[in-house]
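Student: I have a model open in the viewer and I'd like to learn how to read it. Could you walk me through some features?

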Amino acid sequence: MPKAGYTPEEMMTVAAARKLTGRAVCFVGIGLPSAAANLARITHAPEVVLIYESGTIGAKPHVLPLSIGDGELADTADTVVSVPEIFRYWLQGGRVDVGFLGAAQIDKYGQINTTIIGGSYEKPKVRLPGAGGDPEIATSAKEVWIVLNHSKRNFVDKLAFVTSSGYTTNPEENSGARGRGPTTVITDLGVMDSDPRTHELILMALHPGVELQEVTDKTRWDLKAAEELERTAAPTEYELRALRDLHHRTSIAHGAPASGG
Amino acid sequence: MAEITSLREAIAGLVGDGSQVAMEGFTHLIPFAAGHEIVRQGKRDLKLVRMIPDLIYDQLIGMGLASSLTFSWGGNPSVGSLHRFRDAIQSGWPRPLDIEEHSHADMAARYQAGASRLPFSVMRGYVGSDLPRHNKNIRFLDCPFTGEQLAVSPALNPDIAILHAQKADWKGNVLVHGIVGIQKEAALASKKVIVTVEEIVKELNAPMNACVLPGWVITCICEVPGGAHPSYAHGYYARDNAFCTAWDTISSDRETFLGWMNRHIVGTSDFAEFRQSIAADRRN
């Protein structure tokens, strides 16, 4: 435990959770977005509606799911619908306020690569899992938030592959994108918002103890910063306790002894 | 009308070399027992279709049984990489694998189009994505009414769908509950359908609006208790997360993978024996 009393990942999760408020309808990716969205739900935002792409609407998991289709999500959901229905009626039908995603890599426009690292598409050096629901979440949610660790490996000048973007820079194109695309990126160092006109990410806030230099050092493009940078409030004891309890419950629930392999 | 058979007979009779096979189950009800039986029977040149290839296709790909894969997310859920899938794409081991890659929404729409016997699916999608540049089966069409650009892909009509479900009755009607995923669409899109079930009961007693596949759309029903392990069957057993984590190690090395497959799958006669084999391994 660092001397701050919390880890950078805890700060990132808490900062992401704080953004989700009221009765927002949130389409949740697995991992960090799911931890943040559930932290919001069990602390300041009990009425948020969490949707997972497995078709679980209004899921209220007591422990974090390991996959987007865990039984815990179905058991605690308001309703469970089919996969075509979740993507057609609920996502593309415009019911989702926030698409909350993780990413392997992003560029300065918040475009996401989850497809390949190095080499070509046909002959990649490292093949990643691919698109999943991201391209249409990015296209159809009213806005997209991305949460990921800040490093030179993740914040790149040019993506090897644009898996998911959610908007087009060509104003002539009647693309069908309904939402604003990626609007916010939350990392372990700070928070970036996209410029509504250019889509470029602008650093808006630094987490406690983080200096601007560290953020620019870990970003492979020339990151612009707001003139008056905000300072994120450190996690409160209440937030930290809720998050740690959630992770604790989760590890107990999923740490059952091996029954195979 | 569905015939109730052994899994061995169903796979032998309905899965041919070169068949286009869709083994579905969206993180839930994944038909692992059927996948193993395909490995035992050494089916060749399969054209695999599945939204999330998962461990089940990692096994088939690693054994060199697949010539192509159509998919939308190729990871080990909650763990990370699918190593056999990666090795096939990155290094062509044990043989090159042609991939056709879509998004989840698109794959779901393609099954719906297939079930509807329409030629293609239509949706809003892929805005700004590089995927359409690498997949000739993702194209764009202007809406004839509004001019909006929409993404279209050909319908999926696999030769055979293989699914797992909780229950069937004596007439072969199948009840699926919990996360129903893409089960219904995959069944109705495909030319033949095999369903493995936890149990065959006299009466389904399904609630009125439950997801029931009538026996007359299914070709074969096979009773295979535990047949979705290490995924789960809601109401019967939970996901075996430890196995999915262990798979990361088993599959990360070619020799370890082949040794494990030969010992536990090729070297056993059916799924029950496979379960005993891995349980014995765990005790030692």
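Tutor: Sure, we'll take sheets, helices, single residues and the chain contact in turn. Keep in mind that this is a predicted model.

Student: Let's start with the big sheet in chain A. In what order do the ten strands of the open sheet run?

Tutor: A general idea first: along a regular strand, side chains alternate between the two faces of the sheet. Here the order in chain A is β4-β3-β2-β1-β5-β10-β11-β12-β13-β14, and the pairing is mixed. At the edges stand β4 (79-80) and β14 (224-231) of chain A, each with a single partner strand, so one side of each has no neighbour in the sheet.

Student: In which sense do β13 and β14 of chain A pair?

Tutor: Strand β13(A), residues 201-206, pairs with β14(A) in the parallel sense, over four bridges. If you want a residue pair to click on, I202(A) has K224(A) in β14(A) as its bridge partner.

Student: Which strands does helix α1 of chain A lie across?

Tutor: Helix α1(A), residues 8-19, lies across β10 (143-147), β11 (182-186) and β12 (190-194) of chain A. Its direction runs at about 150 degrees to β11(A).

Student: How about smaller strand pairs? How many residues does the hairpin from β8 to β9 of chain A pass through?

Tutor: That hairpin joins β8(A) to β9(A) through four residues. The strands, residues 116-119 and 124-127, pair in the antiparallel sense over three bridges. Look for I116(A), which stands opposite R127(A) in β9(A).

Student: And what is the strand order in the three-stranded open sheet of chain B?

Tutor: That order is β8-β10-β9 in chain B, with antiparallel pairing. The edge strands are β8 (120-123) and β9 (139-142) of chain B, each pairing on one side only. From one strand to the next, the twist averages 40 degrees. Helix α5(B), residues 104-115, packs on this sheet, touching β8 and β10 of chain B, and its direction makes about 135 degrees with that of β8(B).

Student: Which bridges hold β8 and β10 of chain B in register?

Tutor: β8(B) and β10(B), the latter being residues 149-154, pair in the antiparallel sense over four bridges. In one of these pairings, V122(B) has V152(B) as its bridge partner in β10(B).

Student: On to helix pairs. At what angle do α2 and α7 of chain A cross?

Tutor: In general, two packed helices are described by the angle between their axes and the distance between the axes. The axes of α2 (residues 32-42) and α7 (residues 237-254) of chain A come within 10 Å and cross at roughly 120 degrees. That makes α2(A) oblique to α7(A). The crossing is right-handed. N38(A), L39(A) and I42(A) of α2(A) make the contact with A242(A), L243(A) and L246(A) of α7(A). By class, that is five nonpolar, one polar and no charged residues.

Student: Which residues of α4 in chain A are buried?

Tutor: A rule for helices: an α-helix has 3.6 residues a turn, so residues three or four places apart point the same way. In α4(A), the buried residues are V83(A), P84(A), I86(A), F87(A), L91(A) and Q92(A). They pack against β1 (25-28), β2 (49-52) and α5 of chain A, together with α5, β8 and α7 (183-189) of chain B. After the helix comes G94(A), with a positive phi near 85 degrees.

Student: How do I read a single residue, then? Is R239(B) buried or exposed?

Tutor: Count its surroundings: R239(B) has 27 other C-beta atoms within 10 Å, and the cut-off for buried is 20 or more, so R239(B) is buried. R239(B) is found in the loop between β15 (220-223) and α8 (241-252) of chain B. Leaving aside neighbours within four places in sequence, R239(B) is in contact with D70(A), P230(B), S231(B) and Y232(B).

Student: Where does H62(A) sit?

Tutor: H62(A) is in the loop between β3 (56-57) and α3 (71-76) of chain A. H62(A) is partly exposed, with 13 other C-beta atoms within 10 Å. Not counting residues up to four places away in sequence, H62(A) touches E72(A), T76(A) and R249(A).

Student: Last one: how many residues does each chain bring to the contact?

Tutor: Chain A brings 50 residues and chain B brings 55. On the chain A side, α3, α4 (83-92), β9 and α5 (134-140) each supply at least two residues. By class, that side has 19 nonpolar, 26 polar and five charged residues.

How values were computed:
Residues numbered from 1 in each chain as written. Chains lettered and ligands numbered in written order. Predicted model: local features only at pLDDT ≥ 70, side-chain atom pairs only at ≥ 80, totals over all residues. Pairing = 2+ DSSP bridges. Contact = placed C-beta atoms within 7 Å. Axes fitted to C-alpha atoms, helices over the stretch in contact; angles between N-to-C directions. Buried ≥ 20, exposed ≤ 12 C-beta atoms within 10 Å, placed from the backbone. Parallel < 35°, antiparallel > 145°, perpendicular 65-115°, else oblique. Left-handed = near helix turned anticlockwise from the far one by under 90°. Nonpolar A, V, L, I, M, F, W, Y, C, P; charged D, E, K, R; others polar.
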